[in-house]
Amino acid sequence: MNRQQWEDHLAEYLDGTLDEAGTDALLAAAESDPALARELQEWMTLDTRLERYFEIERERIEHMENPVADAHPEPARRGYSAWMGWAAAACLCVMAAVGAHQFRLYNAPGGDEILARLARADGVALILEDGQYRPLQLDEAIAEGRRIKVGGGYAAFALAGEGNLLEVDADSQLTLHAWPDRTEVAMHRGRVWAHLPTDPALPFVVNTAHARVTATGTVFGVEDSPDRSVVRVAEGSVAIEAGGSATTLEAGATWISRDDAIAPPVRQSVAWSQYPDSLAALLPAEATAETVSVQLIQAPAPTPPPPVAPAAAPALGNLLDALPLDTRFYVELPDFPRLRGEFLGTDYKAVLREAAFRAWWQSVQGEDFARTLRDEMRLGELLQVVGLIEGQVVAAVTEKGQFVLIADCDGNADAIRAIMEGLIFPDGRADAIPKQLEALAELNARLGFEGTQMVFGSQPGLVADTRHALAAAEPTGFTDGDFAKKIVTNAGDAPLVVALDLASVLDIQGENLRQNDRNFYDLAGLGTLDYALMAPQALGRGIGQTARLGFKNKRAGMMNWLAEPRPMRSFDFFSEDAHFFAAAALRNPREALYDLMLNIPREEMALGMREIVDYCDAHKEFLDSFGGEVAIALESPVLPVPNVKVVVEMRDPAAFQVFFDELIAGMLADINASFDGVARLETTDHKGRTIVSFVVDGAPVEVSWAFVNDSLVLGPGPRFVADSIDVYESGRGIGASPRLLDLFPARTGSEFSLLVYQDIAKMLPAILENKLLVHLSQADRSRIPDLGFIERYRAPGIAYAYAADSNIDFYLNTPGGIDFNLGMGAPLVANWVMDRIDVGASMDRFIEANMRLERLAAAVEVFREQEGRWPESLGELLRDNLYLDAIPVDPYAIVKGETLRLMPSGDGVALYSVGPDGMDNFAQFDYFPEEGLESVGDIVLRLPREAGAGAGQTGAGSDAAPSTLNMQRD
Amino acid sequence: MSREQQSLYDRACAGDGDAYWQLVLPHRGLIYAVAFGLVRSHERAEDLLHDVLVHAFRTLPNLREVDRLPSWLYTVARNRILDALRRESRTRRVMAASAHEPRVIPMGERLEKEAWLTTMETAMEGLPEPFRLILAMKYMNHYKIDQIAEMLDITPAAAKSRLFHARKLLRDQTQTLASGRAGAERNAKP
């Protein structure tokens, strides 16, 4: 029994899983070798002590009592939980949709003084607590500084003093403050009526964006909106301060902050109150008539608004006017709340309810992913900010790569700032540390508010310039430039515009390219591009979602390959089981070949320019015999071999066939010359047509083809080609299927330059099963949820393009909603891809560690040869730079610069890296990447080597040890 | 899954605390081991065990197959405890400090203990968390290799290998500690 077998048997023996024969062999080995017998005894002792040790641990918790002993079955529990869950989910959705998240204002006066109690609520009255709104309970006390929101319906709050009441209308927000000299209501929006029959001890003040209303012993109403405030007095009088002057308003009078506005009718202003009759009775008789002339108090000349008050209106009507002049890429959402509402209206929530998805979400991976979203990407806070955006949003990247975002947040500046600052001060600002204050200064330099707009940018200077443009209402001139004008002309009033100034970006890039890259640049025809645009309502012939590539003059290179739209027929060869196909109409195959050959790097091309032209001209007849349409399809069933079909259209079938036969004969001769007659052509007849197969002995797949009228059909074997012939002749291909035809645009029918069809959801589970999962380890497979449910969300769709001289337009038509499909799959794919990326990074370090160990081992082996002994330390290798000039650094070392290490090991030495856990285990136990790339242990290379062993392989356990090769799972 | 277990599960989901207790009783050690591995303090581990058990009771209906109870409990415990530690680290009680703080065993307690147990405790506290956990799963809870592999989301072969390496490291550390003690005792003799 060798050492490895001994350890394997021993492990199983201790685990109690070793069979009788193995046990006999183990004990026999121990009997014959006293050292092994001693070792076995040590292991057995350890085993017994471990049992005893954990028994003591168990005893620690034996006394523990049932923490839920008092819980008893409640029949309604599950239903109640479900109801609560749905209610919470609904609340969350509604709150997200209407941008309801508001945060406590900073710098509010402190204290827990009770200012009011909720006396009545017809609808939802909410209070902000710890950054979240929660429903207020009836009679609940409202303390100083609390923000209150009446989302719908109506609420009334009892104030200090008998009979004192504050009525609050729907869609109102306010904060109550207790100052030493006054009680204050800070109104953020909405309407209130204050009934103050009892003289309160302190003046009662209502503060709006435009006025300050002070009252004692009166009944008055205040309305506040971004552009004006209105005050009505029903009884007594109030003092109003606005714009630096003060006035007194008597019962029956109305005050409005703008002299060009008309106050709402009196009846409207009292209608929502629960005491409309008493209010009307209090008002003077003439004031109840709607025809009464409203008493206007002339507002004083406008003065600059106080710093904290939001401005009445956006400084610039269109936020695009504030974008930097050198904007090269921008996104515009003219009406963000509507887009947000549309997204929330999609059925993505149904996916979250899928059992498989829920199971994944509750798994370790799901929990990790959720934690990443929550704690690292701060999705919760991000969504809160998104919920506070109330109008247009534009974002831009400048020529220098700087970024700026402007969003109309309709006076939610304080709430957004509170969220952002909450990220810096999760525990509040009371005991802020210098690092947090630095972060706050950074934030303040990059986040600013101008009127109702938020400006966020990567550079303080850019943020300041943008704010200046907004404040001074000075357009930067960006919208007068050619780029912006082209986009505005082409995008119309699309709800989403993404635009890239390709001409400017590519011109700069093109000038700096090396020759090979320049060849690709020319081949792709990038120099002719002008702009790229995505706008769902872009002008054009399409339906659904639209994008456009614009060209400066005429298209060139690959950009010129696509022909103008023409009827496509190749999909008549594909069965209704096709789940993907792509077809393109090429303008001129001979020109395409020129482009390709002329742009292959010269050093890789045996032919000179003249020869290329000659070659293309010599094969002109063949190249021109292409009809132009080329199509490729993936069909069901999904097989281990590629179930791929290709159809090529021919303009001149006879000429094409002559050259094609010559080409095949040449290939056959070449292969047989090299591999001794392994290749041959076999033919079969099917319905009077000849199917030819190119058979190579030992190859898993054969290529078969047949000429059918003016098309060449290729497939992975004669049976597949025969199927295509049957489909074509029966007329029951996908080209005749309503599933495809219903997706075609009505006006252009089957005319396209490019057409891509997908019904991936139908086949995705099978594709994953047959093509992907089979290559993964059991552990990796278990990380991927059962995706069978995707089929229920099947949404076939097409993408297609129309090419013209100066533009190519792209369209998507996915009635099931491509955005929905993407939204559904993105988290799964992202998680899976991220996992692979992590593996890639970890693998890179693992491979690097192995390579460095190999380099070190080579030097150690030379040392051994020269000195006749193993080095006692790695320092010996550096002596006079004889063996090494530096010890390789350990890529896993926690302390930067620490080197790989050496330990004596048996008759040789062990060279090792500390491995991903960063712990020096003195080469005592090895890192096994198959236990998880971040698992513990050292990466060890032992010298002298055993045959076949390398770094990462223990000398004793090479069978089970990992290699770089078997780690490359995907 | 036995009928009895399913019945306990159904009753526990309906809010029966006694049924829940019977269901989770065999797995308390697992939660305790996870907690101790992360906080290295028996007192804190007991508090966290209590917290996890209450939390798991509330969320038990999320477990769809009672067969997967140990695995589910492991996930819930780990996430719950990590969340608790994260919350603490936010309030500047640095998690690392408690995780790696060596435990000082009072002299009286030390004298009462057998020498091997003191050695074992010290060695166990120095053991990396994955190794300690797998030993606890094996010796405290007596889970089978397959169950351990499922809980840790590794293959059974990897679980076996990790268990063997855990024992090996523990044996080396106990031997080192024992020889150190023997040396110290020799030096202490006049």
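**Exercise 1. Determine how many residues each chain gives to the contact, and how much area is buried between chain B and chain A.**

Solution. Contact, meaning heavy atoms within 4.5 Å, takes 61 residues from chain B and 63 residues from chain A. This is a predicted model, in which local features need pLDDT of at least 70, side-chain atom pairs count only at pLDDT 80 or more, and totals for chains, interfaces and linings use all residues. Residues are numbered from 1 along each chain as its sequence is written, and side-chain values use heavy atoms, with hydrogens and water left out. Next, the buried area (the accessible area, 1.4 Å probe, that two parts lose on being put together, summed over both) is about 5,900 Å² between chain B and chain A. Carbon and sulfur atoms give 58% of that area.

**Exercise 2. Find the salt bridges between the chains, and the element of chain B that gives the largest share of its side.**

Solution. A salt bridge is a side-chain nitrogen of Lys or Arg within 4 Å of a carboxyl oxygen of Asp or Glu. Four salt bridges are counted between chain B and chain A. One salt bridge joins the side chains of E39(A) and R171(B) (4.0 Å, N to O). On the side of chain B that touches chain A, the largest share, 14 residues, comes from α11(B). Helices are DSSP runs (H or I, at least four residues), numbered from the N terminus.

**Exercise 3. State how many residues of helix α8 of chain B are buried, and name them.**

Solution. Buried means under 20% relative accessible area (1.4 Å probe, protein chains only). In α8 (residues 115-125) of chain B, eight of eleven residues are buried. These are W116(B), L117(B), T118(B), T119(B), M120(B), E121(B), A123(B) and M124(B).

Note on methods:
Chains are lettered from A and ligands numbered from 1 in the order in which they are written. Buried means under 20% relative accessible area, exposed over 50%, partly exposed in between (1.4 Å probe, protein chains only). Helices (H or I, at least four residues) and strands (E, at least two) are DSSP runs, numbered from the N terminus.
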